[in-house]
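The following exercises concern helix packing and a metal site. Each task is followed by a solution in steps.

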Amino acid sequence: MEIHFLGAAETVTGSKYFLKSQQHQFLVDCGLFQGIKKLRQLNWQYLPLEIKKLEAIFLTHGHLDHVGYLPKLVKMGFKGYIFGTEPTLKIAEIILLDSAKIQEEEAAQANKEGYSKHSPAEPLYTIDDAKEAIAMFKSVPEGEWIDYSSEARFRFLTVGHIIGACSVQLELENKKLVFSGDIGRDDDLLMFAPKKPDSADILFVESTYGDRLHKEENVEQVLTDLVLKTVKENGTLIIPSFAVERAQTIMYLLWKLSEEGTIPKIPMFLDSPMGAGVLKVFEKYEEWHKLDKMEVYKMVESFHVVQEYRETWEVIDMEGPKVVIAGSGMLTGGRVLTYLKQLLKKDSTNVLLVGYQAEGTRGRYLLEGAKEIKIYGKYIPVNASIYSCNSLSAHGDQEDILNWMNKIKDAPEKVFIVHGEVKAADEMRRKIKDVYGWTATIPELYQIVEV
Ligand SMILES: [Zn+2]
């Protein structure tokens, strides 16, 4: 069979692995490229596969860089199955509708303000395209082998990271392919530790933090200090986070700290049109996280969930100290940009970056000390204080990734390191050789490998 690396090869976004066997043509993940322009432009390029022959797509989890290309694929004629666990599909639904809306809005804004080189600027896909993709979702239970045909079967195994996230095992042509998806942490506050595969012939392993160990940080202390500083400065603490990234963990911690009286009760907002929907997924799929009903309820109650864009402006203009969680986490789009455009120039603003910041994103520029960043075609001076806290990441570090594969006894025939920037992937490759003695390779984008 052939494996085509159509995304997340030598980079972290655009996850798409195309499998072409004698009998079947499958895709594992169908993500959007994000980050630098060169990558984003790939979303508009020809996808080298025969869409009509593609039978099924397996989604590891609901993040945009794993599901965000689905509406485009459906628009181009995909008619097969889209498999995922129930919470993954719920999250994917929320994310796709949001992504389509953002794209429609951005195209409209570009046309209004005339900053696009294309005239008229068109969205990659529309809300209607997203709805069509969502109608094709087919949920499958976690942990059970499912026969796709007499030649193929598959299984989803929980992997931490975010609600519903799984690794995917696929048996095809007598080979067992294992896709790690995004690996969570062994000691996550909200998610259970990843389940591990016991064997693999062809292993695909992510490497987002392949070259790093998360610092032992006291997250409660970081949040406490920043909230107290914000109160003192009468400013705003902005925590960029996608509603389905670390938002629930941060909400949980802030609720707990204010409940205990460690931080004063100041207004806290989750500004995300998706926020309410994601919280409902948390309420509904209790077996997928560590919180009990009451904790989820109280945590949700302690935040104002902002849905309408006009409320965003009310929050910005509001007097007094406040905390705002808004997406996107890497500042590539979303409501957080409106806050930053207005508040980044104020020195009473504190920004806490909590997730991975991909190359070329505004988040990465801020992290690296940029003095100004471009938002909606304008340069905004950075007078705010910028902080980061990696231990809130939904991604495991090098050790978590290595641990995830420690139950595999026999060396896989092939190990592919994906979903990482070159340096991180290469460090992961070396580490796998050191620890397990397996020779791994780092596929290039659009590379085709025969196995
Ligand atoms: Zn992810």
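Helix axes are here lines fitted to C-alpha atoms over the stretch in contact, and the angle between two of them runs from 0 to 180 degrees between N-to-C directions. The model is predicted.

**Exercise 1.** Determine how α4 and α5 are oriented to each other, and which residues make the contact.

*Solution.*
1. Helix α4 covers residues 86-113 and helix α5 residues 127-134; their axes come within 8 Å and cross at roughly 165°.
2. Angles over 145 degrees count as roughly antiparallel, and α4 and α5 are therefore roughly antiparallel to each other.
3. The crossing in which α4 passes α5 is right-handed.
4. On α4, the contact is made by Glu93, Leu96, Leu97, Ala100, Lys101 and Glu104; on α5, by Ile127, Ala130, Lys131 and Ile134.
5. These residues divide into 6 nonpolar and 4 charged, with no polar ones.

**Exercise 2.** Determine the orientation of α7 to α6 and of α7 to α9.

*Solution.*
1. The range that counts as roughly perpendicular is 65 to 115 degrees.
2. The axes of α6 (residues 219-233) and α7 come within 10 Å and cross at roughly 70°; the two helices are therefore roughly perpendicular to each other.
3. This crossing of α6 and α7 is right-handed.
4. Val219, Glu220, Leu223, Thr224 and Val227 of α6 make the contact with Leu253, Leu254, Lys256 and Leu257 of α7. The division is 6 nonpolar, 1 polar and 2 charged.
5. For α7 (residues 247-260) and α9 (residues 293-301), the axes come within 9 Å and cross at roughly 85°, so α7 is roughly perpendicular to α9.
6. Here the contact is made by Gln248, Met251, Tyr252, Trp255 and Glu259 of α7 and by Glu295, Lys298, Met299 and Val300 of α9. They divide into 5 nonpolar, 1 polar and 3 charged.

**Exercise 3.** Identify the donors of the zinc ion, classify their arrangement and place His63 and His161 in the chain.

*Solution.*
1. The zinc ion is coordinated by His61 through NE2, His63 through ND1, His161 through NE2 and Asp182 through OD, at 2.2 to 2.3 Å.
2. Four donors count as tetrahedral if all angles lie between 85 and 135 degrees. The 4 donor atoms subtend angles of 93 to 167°, which makes the arrangement irregular.
3. The spacing of the donor residues in sequence is H-x1-H-x97-H-x20-D.
4. His63 lies in the loop between β4 (56-58) and α2 (64-67), and His161 in the loop between β8 (152-158) and β9 (166-172), so the pair ties together parts that are 98 residues apart in sequence.

Notes. Residues are numbered from 1 along each chain as its sequence is written. This is a predicted model: local features need pLDDT of at least 70, side-chain atom pairs count only at pLDDT 80 or more; totals for chains, interfaces and linings use all residues. Side-chain values use heavy atoms; hydrogens and water are left out. Helices (H or I, at least four residues) and strands (E, at least two) are DSSP runs, numbered from the N terminus. Angles under 35 degrees count as roughly parallel, over 145 as roughly antiparallel, 65 to 115 as roughly perpendicular and the rest as oblique. A crossing is left-handed if the near helix is turned anticlockwise from the far one by less than a right angle, and right-handed if clockwise. Contact means heavy atoms within 4.5 Å. Ala, Val, Leu, Ile, Met, Phe, Trp, Tyr, Cys and Pro count as nonpolar, Asp, Glu, Lys and Arg as charged, and the others, Gly among them, as polar. Donors are N, O and S atoms within 2.8 Å of the metal (3.2 Å for Na, K and Ca); water is not among the atoms, so sites may look incomplete. Four donors count as tetrahedral if all angles lie between 85 and 135 degrees; four count as square planar and six as octahedral if opposite donors are over 155 degrees apart and all others between 65 and 115; anything else is irregular.
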